[in-house]
Amino acid sequence: LRRAIDAGLEKSEPDNTDKALDFALAVTDKLLHFGLSHPTSLSFAAVEREGNCIEYAQLLAKVFDKAAAAKHIPARAFVVHSGKARLFGQKVPMKGWEDHDWVLIEDRSGDDKAPPRRIYVDPTMHDFGLGWDISSNVKGEINLPR
């Protein structure tokens with residue numbers, strides 16, 4: 001998987017945060033399809049398999065951070081766990097959706113004196129074709145590890 005990601009980075013050459021995010025979303029979409037009938041595993045290979053929101057978020061964050069580091073992009077991805085997840089303001093009445101993992105990207109490529117740009121990404125929703133930008137749905141304070 002590492003070799004495949006490195007080869008993909010050489011071909012696509014993401015040179016900013018948004019392109020690194022697009023790259024990470026493409027990798028995640030290709031390697032995972034949503035499902036809950038498996039034990040969660042944070043071990044990934046260059047073959048498609050079932051994944052849940054935890055696995056989607058972890059894979060996207062790892063691929064994004066690898067792309068950012070390789071291309072010297074001043075941004076970092078953090079996996080966030082929401083304990084009271086909602087979709088369009090409603091509780092999702094399906095097994096496994098009472099909580100949800102997603103990714104927060106801090107982009108420090110702007111003005112050094114300004115706070116970093118925060119990008120709220122849901123790779124699971126993106127793979128469903130619902131888009132990745134969940135910024136309007138994120139409520140409350142998010143404490144990130146430093």
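**From one loop residue into the core**

Start at Glu13. Setting aside its neighbours within four places in sequence, Glu13 is in contact with Gly8 and Lys71. The model is predicted, and every value here is computed from it. Glu13 sits in the loop between α1 and α2. Its relative accessibility is 49%, so Glu13 counts as partly exposed; the cut-off for exposed is over 50%. The backbone of Glu13 also deserves a look. Its phi is positive, near 45°, in a residue other than glycine. Most residues other than glycine have a negative phi. Glu13 follows α1. Across the fold, the C-alpha atoms of Glu13 and Ala70 are 9.4 Å apart, with the two positions 57 residues apart in sequence.

A second residue of this kind is His72. Its phi is about 55°, again positive, and His72 is not a glycine. His72 belongs to the loop between α3 and β3. With 71% relative accessibility, His72 counts as exposed.

Now step back to the whole chain. The protein has 4 helices and 5 strands. Read from the N terminus, the order is α-α-β-β-α-β-β-β-α. Of the 146 residues, 39% are buried. Take the contacts with a separation of 6 or more: 51% of them join residues 24 or more positions apart.

Return to the helix before Glu13. Which residues of α1 are buried? They are Ile5, Gly8 and Leu9. These residues span an arc of only 100° around the axis, so they lie on the same side of α1. The spacing fits a general rule. An α-helix has 3.6 residues a turn, so residues three or four places apart point the same way. The face turned away from the buried side of α1 carries Arg3, Glu10 and Lys11, which are exposed. The buried residues of α1 pack against α2 and α3. Gly8, one of these buried residues, is also one of the contacts of Glu13.

How do α1 and α3 meet? Their axes come within 11 Å and cross at roughly 50°. That angle makes α1 oblique to α3. The crossing is right-handed. On the α1 side, the contact is made by Arg2, Ile5, Asp6 and Leu9. On the α3 side, Val63, Lys66, Ala67 and Ala70 make it. Ile5 and Leu9 are thus familiar names: both are among the buried residues of α1. Ala70 has come up too, at 9.4 Å from Glu13, C-alpha to C-alpha.

Next comes the interior. In soluble globular proteins, nonpolar side chains tend to be buried together. Here the largest nonpolar core has 27 residues. Leu21, Phe64, Val103, Ile105 and Val121 have the most contacts inside it. Two or more residues each come from α1 (2–12), α2 (17–31), α3, β3 (75–82), β4 (100–107) and β5 (117–121). The most come from α3, which gives 9 residues.

Leu21 shows how such a position is surrounded. Leaving aside neighbours within four places in sequence, Leu21 is in contact with Leu60, Phe64, Ile105, Ile119, Val121 and Trp132. A second core, separate from the largest one, has 8 residues. Phe78, Trp102, Leu104 and Ile134 are among them.

Helix α3 spans residues 53–70, and Glu55 is found in it. Is Glu55 buried or exposed? Its relative accessibility is 0%, so Glu55 counts as buried. What surrounds Glu55? Beyond its neighbours within four places in sequence, Glu55 is in contact with Leu32, His38, Pro39, Thr40, Ser41, Leu42, Phe44, Arg49 and Glu50.

Finish at Thr124. It lies in helix α4, residues 123–127. At 1% relative accessibility, Thr124 counts as buried. Its C-alpha atom is separated by 7.6 Å from that of Ala57, although the two residues are 67 residues apart along the chain.

Conventions. Residues numbered from 1 in each chain as written. Predicted model: local features only at pLDDT ≥ 70, side-chain atom pairs only at ≥ 80, totals over all residues. Heavy atoms only, no water. Buried < 20%, exposed > 50% of the residue type's maximum accessible area, 1.4 Å probe, protein only. Contact = heavy atoms within 4.5 Å. Core = buried A, V, L, I, M, F, W, Y, C linked by side-chain atoms within 4.5 Å. Arc of directions from axis to C-beta. Axes fitted to C-alpha atoms, helices over the stretch in contact; angles between N-to-C directions. Parallel < 35°, antiparallel > 145°, perpendicular 65-115°, else oblique. Left-handed = near helix turned anticlockwise from the far one by under 90°.
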